[in-house]
Amino acid sequence: QVHFVESGGGLVQPGGSLTLSCVTSGFTFSASGMRWYRQAPGQGKELLARISSGGGLTNYVASVRGRFTISRENIKNTTYLQMDNLKPEDTAVYYCMKGWSVEEFDSWGQGTQVTVSS
């Protein structure tokens with residue numbers, strides 16, 4: 001069974017930074033792309049970034065490009081999202097998901113809350 005455990009969220013001031021982690025199990029992590037999403041209150045999940053299985057290919061949605069960095073450690077079955085220059089509009093629950101294709105889904109983890117506020 002596939003599991004995702006996201007962590008690293010918290011309360012941060014505008015302009016601050018956080019690094020989120022997603023530890024995975026139940027599938028061959030090193031053979032799978034990974035994606036990060038977020039969900040703000042009252043909204044659907046928004047795709048933010050994705051990374052290929054080997055880490056050599058990444059892409060980002062325009063709203064986070066240049067501020068967020070996705071990475072992975074295949075030996076730890078873990079993907080990361082480094083978030084810099086955070087803005088209040090980045091406030092949301094953040095989730096990871098397996099797969100490079102946006103059509104690939106499994107059960108969501110519990111997510112990690114990020115709140116950007118002064």
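1. Strands, written E, are DSSP runs of at least two residues, and they are numbered from the N terminus. With that in mind, Asn77 can be placed in the loop between strand E7, which covers residues 68-73, and strand E8, which covers residues 78-83. The model discussed in this note is a predicted one.

2. On the overall make-up, the chain contains 10 strands and 0 helices, and reading along the sequence therefore gives the pattern β-β-β-β-β-β-β-β-β-β. Among the contacts that join residues at least 6 apart in sequence, 55% link residues that are at least 24 apart.

3. On overall dimensions, the chain has a radius of gyration of 13 Å, and because a compact globule of 118 residues would have a value near 13 Å, the two agree. Taken along the principal axes, the C-alpha atoms fill a box of roughly 40 × 25 × 25 Å.

4. On surface and charge, 43% of the 118 residues in the chain are buried, while the area that the chain exposes comes to about 5,800 Å², with carbon and sulfur atoms supplying 49% of it. There are 10 positive and 9 negative side chains, and the centres of these two sets lie 3 Å apart.

5. Which residue should a student look at for a value of 2% relative accessibility? The residue is Ile51, which counts as buried because 2% falls under the 20% limit. Ile51 belongs to strand E5, residues 46-51. Leaving aside neighbours within four places in sequence, Ile51 is in contact with Gly33, Met34, Leu57, Thr58, Ile70, Ser71, Arg72, Thr79 and Trp100. The C-alpha atoms of Ile51 and Thr24, by comparison, are separated by 15 Å, with their positions 27 residues apart along the chain.

6. Gly16 sits in the loop between strand E2 (10-12) and strand E3 (18-25). Is Gly16 buried or partly exposed, given its 18% relative accessibility? Gly16 counts as buried, because 18% is still under the 20% limit. Beyond its neighbours within four places in sequence, Gly16 is in contact with Met83, Asp84, Asn85 and Leu86. The C-alpha atoms of Gly16 and Lys87 are 8.2 Å from each other, although these residues are 71 apart along the chain.

7. Asn85, just named among the contacts of Gly16, lies in the loop between E8 and E9, and with a relative accessible area of 43% it is partly exposed. The backbone of Asn85 deserves a careful look, since its phi is near 50°, a positive value in a residue other than glycine. Most residues other than glycine have a negative phi.

8. Asn77 offers a second place to check the backbone, as it too has a positive phi, of about 50°, although it is not a glycine. Asn77 is partly exposed, because its relative accessible area of 28% falls between the limits of 20% and 50%.

9. Thr69 is part of strand E7, and at 39% relative accessibility it counts as partly exposed. Not counting residues up to four places away in sequence, Thr69 touches Tyr60, Tyr80, Leu81 and Gln82. For one of these, Leu81, the C-alpha separation from Thr69 is 5.6 Å, with the two residues 12 apart along the chain.

10. Glu104 is found in the loop between strand E9 (92-98) and strand E10 (112-116), and its relative accessible area of 29% makes it partly exposed. What does the side chain of Glu104 make a polar contact with? The partner is the side chain of Lys98, at 2.5 Å. Lys98 also appears in the list of residues that Glu104 touches, which, without counting residues up to four places away in sequence, consists of Arg35, Met97, Lys98 and Gly99. Between Glu104 and Met34 the C-alpha to C-alpha distance is 10.0 Å, and the two are 70 residues apart in sequence.

Terms used:
Residues are numbered from 1 along each chain as its sequence is written. This is a predicted model: local features need pLDDT of at least 70, side-chain atom pairs count only at pLDDT 80 or more; totals for chains, interfaces and linings use all residues. Side-chain values use heavy atoms; hydrogens and water are left out. Helices (H or I, at least four residues) and strands (E, at least two) are DSSP runs, numbered from the N terminus. The radius of gyration is taken over C-alpha atoms; the globule rule is 2.2 Å times the number of residues to the power 0.38. Buried means under 20% relative accessible area, exposed over 50%, partly exposed in between (1.4 Å probe, protein chains only). Contact means heavy atoms within 4.5 Å. Accessible areas come from the Shrake-Rupley method with a 1.4 Å probe; for residues, only the protein chains shown count as cover. Lys and Arg count as positive and Asp and Glu as negative; His and the chain ends are not counted. The place of a charge is taken as NZ of Lys, CZ of Arg, CG of Asp or CD of Glu. A polar contact is a pair of N or O atoms within 3.5 Å; within protein, one must be able to donate a hydrogen and the other to accept it, and residues adjacent in sequence count only if both atoms are side-chain atoms.
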